[in-house]
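Here is a short briefing on strand pairing and sheet layout. Keep the coordinates open while you read.

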Amino acid sequence: MAAELIPAKKLTPAAVHQYQQQNLSNNNTTTTTIQGCNWQGLYPTIRERNSVMFNNELMADVHFVVGPPGGTQRVPGHKYVLAVGSSVFHAMFYGELAEDKDEIRIPDVEPPSFLAMLKYIYCDEIDLCADTVLATLYAAKKYIVPHLARACVNFLETSLSARNACVLLSQSCLFEEPDLTQRCWEVIDAQAELALRSEGFCDIDAQTLESILRRETLNAKEMVVFEAALSWAEAECGRRDLQPTIENKRAVLGKAIFLVRIPAMALDEFADGAAQSGVLTLNETNDIFLWYTAARKPELQFACQPRKGLAPQRCHRFQSCAYRSNQWRYRGRCDSIQFAVDRRIFIAGFGLYGSSCGSAEYSAKIELKRQGVALGVSVIKYFSDGSSSTFPVRFEHPVQIEPDTFYTASVVLDGNELSYFGQEGMTEVQCGKVTFQFQCSSDSTNGTGVQGGQIPELIFYA
């Protein structure tokens, strides 16, 4: 397609920018050429003048045909600018083995990601989005643009959650990004059941599947691990154009099935679930039943010991506790506190005080919010023995907490007995490698604040 010419009289920085944005948004070969004017005088810095050349036919001395067959885009380039921004381009255009080609085909990079890389090289601007960041990381790695690659990794770490952690784990290993790999494992370990049930889990490769199933620190019931393995097997059958029969599922799982610690399940979970799934052979099923019940246990190919999981940590914000004849009383009112941390953690629940008048049962509704939006809610009953100890009340799944943002922890207790309460509260608490900061919450209508009251402990994984 012919290049579109911008007349000199219409050329302004805004006009050039508008044309460039149109070129980026249209998946075609239209490019912008500046003709017949002193456009250089419009821009005071070399950075701005280089930016004008981005995706521009003017003075282009090389072209790239980017994308797989049927989805290509022709992109103009300038060898000098590209060589300054990438050692790969430098070797391609000026190295000892440089080839003098006017057109270079790049079928393994998507056009939007290639343009995002060029935008960084030409304009010193990083423009990332969730849909293309992995492909942009691939392009930055391929052409050795390390600062853009680091920005992609930072973007991925910021957007990391149980929903995408398994896919990003697979990609981080492929791209050899150990820091991102470690962040993925932190999320997968702490929120294992959410990660295993995510759609992304079914998209991982077999090697990543085995590394997750082998993981000692997964915080998940073994039945959830087993169900996740079967879901992956069904998806893998689809990728191999196989019918998702029981036999094919077992075949695609291969030896990975033995990484599921089936003997670590409760007997009723095994009997009602795994034993009736059809994936196990009759001999395997019989041997596992004998392993549960017989004094002389058979040898199994399956790992038998339960996973260790993660050890929870506790942040205690009071230096002492007390009780009085008229405190602490509950009438359906809310006790609340705000907190922030300096690194990503996962809140598993709260430690709460119990009765100061002997043993008693409480009903508790605990809630964790960010900017008024509930991230986790749990309603549970717990029994206190009359001591000043704290009693754990947990969410169904640990809640991911991002650094440098205040969250609101709330509890509404219902019980006939007075309870202990905390005193000498601290505004900052160091707990292992995590620093907690506390401040009062406007949601608190029952007297709890930084200096005293309820919610003495935050239970978390780091």
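The points below cover two open sheets and a helix that lies across one of them.

The model is predicted. One sheet has four strands and antiparallel pairing. Another has three strands and mixed pairing.

**Four-stranded sheet**

- The strand order is S6-S17-S9-S12, and the sheet is open.
- Strand S6 (313-316) and strand S12 (390-401) are the edge strands. Each of these two pairs on one side only.
- Neighbouring strands in this sheet are turned by 25° against each other on average, with direction ignored.
- Strand S9 covers residues 345-353 and pairs with S12 in the antiparallel sense. Eight bridges join S9 and S12.
- Leu352 stands opposite Phe391, which belongs to S12.

**Helix across the four-stranded sheet**

- Helix H9 spans residues 178-190.
- H9 lies across S9, S12 and strand S17 (457-461).
- Relative to S9, helix H9 runs at about 40°.

**Three-stranded sheet**

- This open sheet has the order S4-S3-S5.
- Its edges are strand S4 (73-77) and strand S5 (103-106). Both edge strands pair on one side only.
- From one strand to the next, the twist averages 25°.
- Strand S3 (residues 62-66) pairs with S5 in the parallel sense, over four bridges.
- His63 stands opposite Glu103 in S5.

Technical notes. Residues numbered from 1 in each chain as written. Predicted model: local features only at pLDDT ≥ 70, side-chain atom pairs only at ≥ 80, totals over all residues. Heavy atoms only, no water. Pairing = 2+ DSSP bridges. Axes fitted to C-alpha atoms, helices over the stretch in contact; angles between N-to-C directions. Contact = heavy atoms within 4.5 Å.
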